[in-house]
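Hi,

Here is the structure I promised to pass on. My notes on it follow below.

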Amino acid sequence: MERRQFLKGAAFGGVAAASTLATPAIAQGVKRLRMQTTWPRNFPGLGTGANVLAEMINRLSSGAIEIEVLGGGEVVPPFETIDAVEAGTLDMGHGAFYYWKGKVPATEFLGVIPFGFNAAETNAWFRFGGGQELADEAYAQMGCKVFLSGNTGNQMGGWFSREMQSIEDYRGLRLRLPGLGGEVSAAAGASVVNLPGGEIPPAMASGALDAAEWVGPYNDLALGMHRSGWYYMYPGWQEPGTGLDNFINLDVWNSFTDEEKAIVEAANAYANDYVLSEFMANNNDALNTMVTEHNVELRRFNDEILVSLAELSADVLDQRANADPLSRRVYDSILRFRAQATDWASVAEGAMAQARALDYRFSQPSE
């Protein structure tokens, strides 16, 4: 298919207001951009998702846009990536929405909330529920245009040095857990910190942490979190479908032609699907490896803990949403969309999952 013909089918995103700083480096008609991620270079699922995004932009532009992908910390510390993009030191970044809550509080609602959207529902909210427009409004305050650029799917609940048997077990727990899940855990009595991925295993090994959450089996195995000997708890109530973000300096974004903007949007849509598919394809094998080869102890949060966490989540999220008008609007939009998604899921997805579990008892793949 010809590139222009392909792009006729790509939806055009809203154009954010202009800023006054960066413009892309142009040499012999090629725009060369630098994108730093918040992940280790080439890290499975997360880092490779950023690579896929860069490669797809290059392919769709027939080489007219080249993106150099840099790992977290190669230019600035991972959690300062968006500051560098806003300042024009970097052209683009790749991370997670809730990493930027210290700059714009509403961002902690955009990618995921406890007991919130799964990956499909996140996509639907962004495209048809007003999520993209709200995200653009939030990121414009940081001098950036933003795209949904990956999803981990439902995560795990995390690694714990002792088995969690009661909500009281959160009291005094030194826990690495970002975003609103961390806020809820703090309300349950935990002492919550946020660390980049590469710093988590050393903190676990040194005793600086009692518990830590990263993503799920595929990433946790790659990071070496299974070496802790801790209990691996599920489900990931705190992140049922975590969206990743690609953010672009507004001057760079506004320097693009309409065709180039369509290329970036189409490439992000591709990367969004690719990352989720990569996690889906690899999580189960990674979990089996950890359980069968590394003797990881897999445990489920009991219903008493989950009910208590759900009650705390409702209170904490409502309080956080009241902190500023944009957070309130984002959270109210999510609540409205989640209500209809939950109703439909009870008829379709949830009921089908139960039915499929029955079939699984009788139909197994041949050896």
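Strand β10 (residues 231-234) runs parallel to β12, and four bridges join the two; Met 233 sits opposite Arg 299 of β12. Strands here are DSSP E runs of at least two residues and helices H or I runs of at least four, numbered from the N terminus, and a pair needs at least two DSSP bridges.

Before you read on: this is a predicted model, with local features needing pLDDT of at least 70 and side-chain atom pairs pLDDT 80 or more, while totals for chains, interfaces and linings use all residues. Numbering starts from 1 along each chain as its sequence is written, and side-chain values use heavy atoms, without hydrogens and water.

Both strands belong to an open, mixed sheet of six, ordered β8-β7-β9-β6-β10-β12. β8 (191-193) and β12 (297-300) are the edges, each with a single partner strand, so one side of each has no neighbour in the sheet.

Now the pockets. The largest has about 1600 Å³ of space (a pocket is an open set of points on a 1 Å grid over the protein atoms alone, with protein on both sides within 12 Å along at least five of seven lines; lining residues have an atom within 4 Å of a point). Volume means the space filled by probe spheres set on the points, which are joined across faces, edges and corners. This pocket is lined by 38 residues, with Asn 118, Gly 153, Asn 154, Pro 240 and Ala 353 nearest its centre. α11 (258-293) gives the largest share of that lining, six residues.

Cheers

Notes: 1 Å grid on protein atoms, 1.4 Å probe; cavity = no way out; pocket = protein on both sides within 12 Å on 5 of 7 lines; lining within 4 Å.
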